[in-house]
Each structure stands twice: as C-alpha cells, then as structure tokens.
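Thank you all for coming. I would like to go through one structure with you slowly, beginning with the empty space inside and then turning to the place where the chains meet.

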Amino acid sequence: MKQARSAEDAWQVLATVIDPELPVLSIVDLGMVRRIALDGPGVRVAITPTFTACPALQVIERNVVAALSAAGFAPVRVETVLAPPWTTDWMSDQARDKLKAYGIAPPSAGTVVACPRCAGIDSERISAYGSTPCKALYRCRSCLEPFERFKCV
Amino acid sequence: MSDAIFAEYLLRLGDSHLVLGHRLSEWCGRGPMLEEDIALTNIALDCIGHASVLLRLAGQVDGTQRSEDDLAYLREAVQFRNLLLVEQPNGDFACTMARQFLFSAWAGGLYDLLQQSTDSTLAAAAAKFAKEISYHLRHSREWMLRLGDGTDESHRRLQEAIDDLWPYTGELFQLWPGDADLIERRLIPHPERLQAPWTARITEVFSAAAITLPSPGAHMFSGGPLGRHSEKLGYLLAEMQIVARSFPGAAW
C-alpha cells in the first residue's frame, strides 16, 4: 500500500474514476467532485449527482472508495451534496472535447447543435430523452446519422 | 429530534413521486413508439429518484431512521400519503400524458417555491427537481398540443382523459392537517399560492389544444394524503412490493 500524501493526490486519484455511462469522462471532468478534505489518514469526498436519479451514482461512490483506498487513504467517506445543483457549466472544456470525440454532442448554449461526426449544424431533435437521464436523441440532416446530445442543465 | 408533521408532508410528496414513477414504469416495452417508450421510462426514473430523496429525508425527520426502501416496500396502502391523481391507472397514452401534464404543471410550481424552504435539504432538492420537472412539463405539454389539435380521435381521447382526471386535481391545492404549522415555520408554501399559476398554465395549453376546461364547480375527490385510496393503489403496491416482501432483507 502506498503512503497517501495530500489532497492533491486525492484529486489525481479521482481523475481516474470514470463515469460508467460515459466511459471517456472522469468524475472530475464532469465537475461532480465538489470538495476533498483530508481527515487524518483518511479523506472525505463531497460529490454532487448530475441527475437525481442517475443510476450510475452508486457505482461511482463505490469506485471512489475503492480507488482512494487503493491509494492508501483510510477511511474514505463519500457524502452526497445537493446544493448548489449540478450544472453542465461545471464541465471542463477538456471534457466537452472528449465527449465530442466519443460521438456525443456536448452541452452548449444556444439552439445550434452541431453533429459530433460531420460537424454539420443542421440537426433535429428526435426525442428529449435518450439512453440515460443525461442525454437526448438528435439526427444530423447533413450526414443523416443519429447522435446523442448531453442535456444542458 | 423528530418532526412528525414535517415527515408527513415529505411522505405526501415522496409517495406521490413514487406512485407516479411506478405507474409510468408500467409503460416499459409498451410505448406507442421507441422514442416514447424511452421518454416514459426516463420520466419514471426521474420520479423514483425524487421519491428516493424525499423518502430518505422523511425517514430521518420522523426520527425512525427508516431508509427509503423501508418506506417504499414495507408500508400498506393506508399508510401511503400520495395524491389520488397519481394512482389513477395509465389508461391510454392520452390519459397518461394528461395525468403527467396536470401533475408536472403543479410540481414545477411547487418546487420553485420550495427552494425558499427553511429546511436546507428540501430547498436544495427542490432546486434540483425543478430543473428535471421542467423537462417533464415540456414533454407532456407538447403531447397535449399534438393530441388535442390532432385528429378527431386523438382530440376526443384527450378531452375524455382530462374530464376523467379533473376530479382528482382538487387535492393539489388542499390544506391538510399540520400544513398550517409548516407554513408558519416557512418550511412549505401555502398550497393556494400554487393554484393561480397552475390554472393559468393549463388554461393556456387547453386553449391552444382546443380542450374544454371542465366546470370549476365540479365535485372533487379527496383523501389520498390521509391514506384513503382507491383499490387501484393496492394492486400497484402488490406488484411494486412483492420482491422485497417475499425475500426480506435480500441484497444483490
């Protein structure tokens, strides 16, 4: 077991914990980690759910405990923080680029939703709901491919 | 420190989201088209997420430390506090959308006001819920317009659905025992404050969808938050609770 050192180490560990529904993004990329506080040899992590009913939340909490424990932090405590509510504004630019490269249109202000495949800006919404609570279904009128868009909240 | 009156209010809200979420989940695999099947189950999931937060809080506030699962799976129908509107059967697609629209228009207004609650957990949850419910409202509103202003058949079915559900909307604005105390403590808004914005919101849509507003003096059913439910809730709970009741304490 490695010797745990600082909150900075804990942040680096959490940057390796990915969202199981969006396997290109870490929970740090998503802006879900609100606070990390060292507590003796242990650590306390405050996490904000992206969507109230996100089914991935329990898996994420388990993975946070596993990753920090493996890095030598003990005990690891995870608390859920609801206020202020999570917003897509907390997603880093790097995260938006990763989403696009993965084929999901990142959240953006305005009405134009660019196709993540051909970058065409002529798209239509097929459904406000998609395969997970965080995504909506779109179709590109240029390349005719359907794609998912991360919901703006 | 336990607060039985506030816990009762949280149960009323939590149970309403839970029962509505379960009703919507009955559409899973039966939606009129794939996108709608996905939408209905997503809204169901949101409702159950809201229920989970509210019931967990209720179990803390009433001092029993019951979990959201204890409260969802181990209570009888007479112990449920949900509004009668949400236990009404799905009926056809128009009926499900009408029920969703009437409920979401009310819940959206409620959670806007609950963000000022003196209970910080409820206020925080309300801010989160309001964002999610705005999606439900937009979705059900679009269907109200499409069905109401669609074919003769879709219009007839939507009007019937509204007429059937209308007598269950009186409960949304009723003052229940204990509420006055919670209003005094600024934990919750007075339910009357929700009525005018709700009426304005649904009237605008009814008018665009050519739906006739049922008579305001019509008889209203009442009693869900006091545990007086129709037999329909019993069947719903039997299905929802059977696994938890058959295998007590099971974990997977």
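What volume does the largest cavity have? Please keep in mind that we are looking at a predicted model, and that in this model the largest cavity comes out at a volume of about 140 Å³. Of the 17 residues that line this cavity, those closest to its centre are B:Tyr9, B:Arg12, B:Trp106, B:Leu172 and B:Pro191. If you would like to find the surrounding elements on the screen, look for helix H1 (4-25) and helix H5 (93-114) of chain B, each of which supplies at least two residues of the lining, with H1(B) giving the largest share, namely four residues. By class, the lining of the largest cavity divides into eleven nonpolar, three polar and three charged residues.

For those new to this kind of analysis, rolling a probe the size of a water molecule over the atoms shows where empty space is left. The structure holds four cavities of 30 Å³ or more, and the second largest of them has a volume of about 70 Å³. Which residues line the second largest cavity? Among them are A:Asp19, A:Glu21, A:Phe51, A:Cys54, A:Pro133 and A:Cys134, and by class the lining has six nonpolar, two polar and two charged residues.

Let us now turn to the interface, where 22 residues of chain B are in contact with 23 residues of chain A. The area buried between the two chains is about 1800 Å², and carbon and sulfur atoms give 64% of that area. Three residues deserve a moment of your attention here, since B:Lys128, B:Lys131 and B:Tyr135 supply 35% of the area that chain B buries against chain A, more than any other three residues.

How many salt bridges are found across the interface of chain B and chain A? The rule finds one, and in a salt bridge the side chains of A:Arg125 and B:Glu142 meet at 3.3 Å, N to O. Across this interface there are also eight residue pairs in polar contact. On the side of chain B that touches chain A, helix H2 (34-61) and helix H6 (120-148) of chain B each supply at least two residues, and H6(B) gives the most, with twelve residues. Taken by class, the residues on that side of chain B divide into ten nonpolar, five polar and seven charged.

Definitions and conventions. Residues are numbered from 1 along each chain as its sequence is written. Chains are lettered from A and ligands numbered from 1 in the order in which they are written. This is a predicted model: local features need pLDDT of at least 70, side-chain atom pairs count only at pLDDT 80 or more; totals for chains, interfaces and linings use all residues. Side-chain values use heavy atoms; hydrogens and water are left out. Contact means heavy atoms within 4.5 Å. Buried area is the accessible area (1.4 Å probe) that two parts lose on being put together, summed over both. A salt bridge is a side-chain nitrogen of Lys or Arg within 4 Å of a carboxyl oxygen of Asp or Glu. A polar contact is a pair of N or O atoms within 3.5 Å; within protein, one must be able to donate a hydrogen and the other to accept it, and residues adjacent in sequence count only if both atoms are side-chain atoms. Ala, Val, Leu, Ile, Met, Phe, Trp, Tyr, Cys and Pro count as nonpolar, Asp, Glu, Lys and Arg as charged, and the others, Gly among them, as polar. On a 1 Å grid over the protein atoms alone, a cavity is a set of points where a 1.4 Å probe fits but cannot get out, and a pocket is an open set with protein on both sides within 12 Å along at least five of seven lines; lining residues have an atom within 4 Å of a point. Grid points are joined across faces, edges and corners, and a volume is the space filled by probe spheres set on the points.
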